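Here are some questions a first-year student might ask on meeting this structure, each answered by setting a value against its definition.

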Amino acid sequence: MTRRGEIVAAARSWIGTPYRHQASMMGAGTDCLGLVRGVWREVVGPEPETPPAYTATWAEAPGGNAEETMAQAARRHMKEIGCGAAGAGDVMLFRMRANGPAKHAAILSGDNRMIHAWSDRAVVETVMGRWWRARAAYAFRFPGLED
């Protein structure tokens with residue numbers, strides 16, 4: 001199995017895990033960041049940093065001045081690539097509102113699909129349709145992935 005295949009297989013193993021804010025435990029609960037963290041632990045190794053506590057609305061500061069906290073953290077440990085260059089096994093970050101910072105993460109699984117934890121639901125694999133593409137803000141590669 002290729003490295004990309006390992007990442008996608010690891011992400012798929014989380015499908016059905018219920019949504020739990022700030023959690024990262026397969027089968028018990030996770031949020032979108034927790035999914036990426038869990039796949040990192042399985043494929044790369046120990047997490048390089050622990051995210052600080054965050055609220056469900058952490059990126060929605062009044063006046064649109066919220067920092068790109070999630071993107072900044074990803075830059076510290078992953079290779080940033082163009083959204084158009086992202087493929088299976090890469091991480092995408094999305095803006096949930098215009099002019100807001102990126103606050104949702106997904107792992108691409110190929111064939112225009114992504115795996116992500118959606119609030120009030122569970123980890124799912126869905127089509128990355130027009131709605132998601134319009135909100136794509138950043139893309140990153142896990143360490144060790146080929147270009």
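Q: What makes strand β4 and β5 count as a pair in this predicted model?
A: Two strands pair if at least two bridges are found between them, and strand β4 (residues 91-95) is joined to β5 over five bridges in the antiparallel sense, so the condition is met. Within this pairing, Leu-93 stands opposite Ala-105 in β5, and in the hairpin of β4 and β5, with six residues between the strands, Asn-99 takes a positive phi near 65°.

Q: How do you know that β5 and strand β6 pair?
A: The cut-off is again at least two bridges, and three bridges join β5 to strand β6 (residues 113-117), the two running antiparallel. Here Gly-110 stands opposite Arg-113 in β6, while Asp-111 takes a positive phi near 50° in a hairpin that has two residues between the strands.

Q: Why is strand β5 called largely enclosed?
A: Because eight of the nine residues of β5 (residues 102-110) are buried, the strand is largely enclosed by the rest of the structure.

Q: Why do Cys-32 and Cys-83 form no disulfide?
A: A disulfide needs two cysteine sulfur atoms within 2.5 Å, but the sulfur of Cys-32 is 15 Å from the closest cysteine sulfur, in Cys-83, which is too far for a bond. The count therefore comes to zero disulfides.

Q: Why is Cys-32 called buried, and Cys-83 partly exposed?
A: Buried means under 20% relative accessible area, so Cys-32, at 9%, counts as buried. Cys-83, at 29%, lies between that cut-off and the 50% above which a residue is exposed, and therefore counts as partly exposed.

Note on methods. Residues numbered from 1 in each chain as written. Predicted model: local features only at pLDDT ≥ 70, side-chain atom pairs only at ≥ 80, totals over all residues. Heavy atoms only, no water. Buried < 20%, exposed > 50% of the residue type's maximum accessible area, 1.4 Å probe, protein only. Helix = DSSP H or I, 4+ residues; strand = E, 2+ residues; numbered from the N terminus.
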